[in-house]
Amino acid sequence: MKKQKNYLTLLLIVGNFLLVACGGNGNQNGKETRAILSVLNGGSQNTSATPEMLQQSNAAYTRDIQTAFQNENDGSFTFNDNISFLGNDGVKITGNLFIPKSGTGPFPAIIFVNSWALNEYEYIVPAAKLAKKGYVVFSYNTRGFGTSGGLINVAGPKDMEDLSKGIDFLLANAPVNASNIGIAGISYGAGISLLGLSKEPRIKTAVAMSGWGSLPDSLYGNQTPRLVWGLLLVTAGYITGRMDPIIAENFQKLLDTRDVATVLSWARERSPNNFVAELNASGKPVYISNNSQDNLFQPNQILPYFEQLTVPKKLDLNNGIHATAEIGGILGINNYVWTNAYDWFDYWLKGIQNGIMTKPKVTIQKRFSSDRVSYSTWPNPSKVEKTYHLRPMGLFSPGKITTTANSSNGNDTILSGGTSATTGVPLLSEILDGAVSIPVTTNVNLIDRTNAMVYLSDSLSSPLKLRGRTFYKGRINSSDYAPHVVVYLYEVDFWGTGKLISHGTATLFNVKGKDVDLNVDLQAVAHDFPAGSRIGLAIDNIDPMYAVPKPISLYTTTFKHSTSTASTLKFESE
């Protein structure tokens, strides 16, 4: 399908761009990144796609639509590709509409919201499937994307107003049951869907795939900017849409550690977790799907949101990077997520007893496996916290990971710099890991201990079942005012080869010369460390996925181990 090829091409182009932007020397906040954002932001409308260009692009996509859903178009629905309405500020919002031919209605309705950098045609195949089942389906271009006018509002107040105006239009122009309206989307569309469910009383339920619960945590979790995915979003927005200059400005502020509070306030207004009370008061049900290796909307920011919800809810955490577990559905491929999504709408909007509510409320797919673990709620009420203790490194040996408390005092000092401990090549390694289960690997024994802390356990006598987050706690003293760390968790074989299982990152500020606690929560996963394998842990100061608070400089970080101040690694297990 031509649209899919264009999308993949865009990702490849931007991926190559990001590799250049990150730079081979790890200077992640350097002049290259700043120059790119400056060009994008300074160009304003002139560097963004024009409505005329996008109209031509959509005309080309229109020719592909008939091919894309030819197998679904059996004549049982009408398709209107010339839908538009005006936002409160007069901006034209465009979309398309499916209406079943059989039956007189009113019909339940589903609203699809486009992903970032995509448009109203993203969901044309699932829309056809749903129309055949007796749904009115309405897809629209959010402002700034596709042929809609205005500037991208990043799920802000104008996007919420547009959603409400879209519902007004739908109720006035289609045979819709006003009591049975659902909303769904992937990524950007998922965030807007969750916000819409909380704010728009006429929406009954939502399906949110690869979305966010907390935008501040997604952009700046543990005070660390998400460099690669942030650049990807900004760049893709300028290539495919019409960006509000504040978007690039805000991202640059995070990279510069400048006016951060204002940026996070802007992001908080666009976060579903800021409106949990409203959603809980409404009692409206929600189905959420996210992915364990998603380094854009990481699992640790969606799980707390899910935990706070008291409404009927379901969460599936899948293997894969951003949107990979869900993207097959837009091509008409029924998979685990989309099967649940269709059943969710059938149950809540049509009252079909299909068993969706008897399925486990929470499932997590195991790393490198198709198997899932399931729970009746989250956090798992029967979870076990397993604690391992970290001992200092020896002259020629890594530090020990043991089940017994540290009985010796010792300090280990590392220099800032990158090592072979890494999340891999940005985007490429994530795709290989999440999509085809090719893990990021390194020999833990060969990680340079001049620039990294390295810990290794003895062979496990029994399997260790990781079921959620891993928590690192240590005590450090840095010669820099803002030390940055990345913590990597490995499953290590007899030869020292480590498979990256999870990682976490954190930046501390104003701690130069002070003894301070360092706490890092690693991304939640389900993984079985088999008996005979070893647990490996590495900590260094640079990873291409994340930005540091200033251009790279040489500094030291001392890790302090003592009997009174324990360094630990805690697992959520079972």
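In this predicted model, Val113 of strand β3 finds its bridge partner in strand β4 at Tyr140. The two strands, β3 (residues 107-113) and β4 (residues 136-140), run in the parallel sense and are held in register by 5 bridges. Getting from β3 to β4 takes the chain through helix α4 (residues 124-132), and the resulting β-α-β crossover is right-handed.

Strand β3 also pairs with β5 (residues 176-186), again in the parallel sense, this time over 6 bridges. Here Phe107 has Val176 of β5 as its bridge partner. With neighbours like these, how much of β3 is buried? The strand is mostly covered, with 7 of its 7 residues buried.

Then there is helix α5 (residues 157-173). Its 17 residues should span 24 Å at 1.5 Å a residue, and the end C-alpha atoms do sit 24 Å apart, so the two figures agree. The buried residues of α5 are Asp159, Met160, Asp162, Leu163, Gly166, Ile167, Phe169 and Leu170. These pack against quite a list of elements: strands β1 (77-86), β2 (92-100), β3, β4 and β5, plus helix α6 (188-199).

Leu170 deserves a separate look. Leaving aside residues up to four places away in sequence, Leu170 touches Leu97, Ala109, Ile111, Val136, Phe138 and Val176. Leu170 also turns up in the largest nonpolar core, a set of 87 residues, where it is listed with Ile111, Trp116, Val136 and Phe138 as having the most contacts inside the core. As for which element supplies the largest share of this core, that is helix α8 (residues 227-240), with 8 residues.

Methods:
Residues are numbered from 1 along each chain as its sequence is written. This is a predicted model: local features need pLDDT of at least 70, side-chain atom pairs count only at pLDDT 80 or more; totals for chains, interfaces and linings use all residues. Side-chain values use heavy atoms; hydrogens and water are left out. Buried means under 20% relative accessible area, exposed over 50%, partly exposed in between (1.4 Å probe, protein chains only). Helices (H or I, at least four residues) and strands (E, at least two) are DSSP runs, numbered from the N terminus. Two strands pair if DSSP finds at least two bridges between them. A crossover is right-handed if, with the strands pointing away from the viewer, the path from the first strand over the helix to the second runs clockwise. A nonpolar core is a set of buried Ala, Val, Leu, Ile, Met, Phe, Trp, Tyr and Cys residues joined through side-chain atoms within 4.5 Å. Contact means heavy atoms within 4.5 Å. The expected span of a helix is 1.5 Å times one less than its number of residues.
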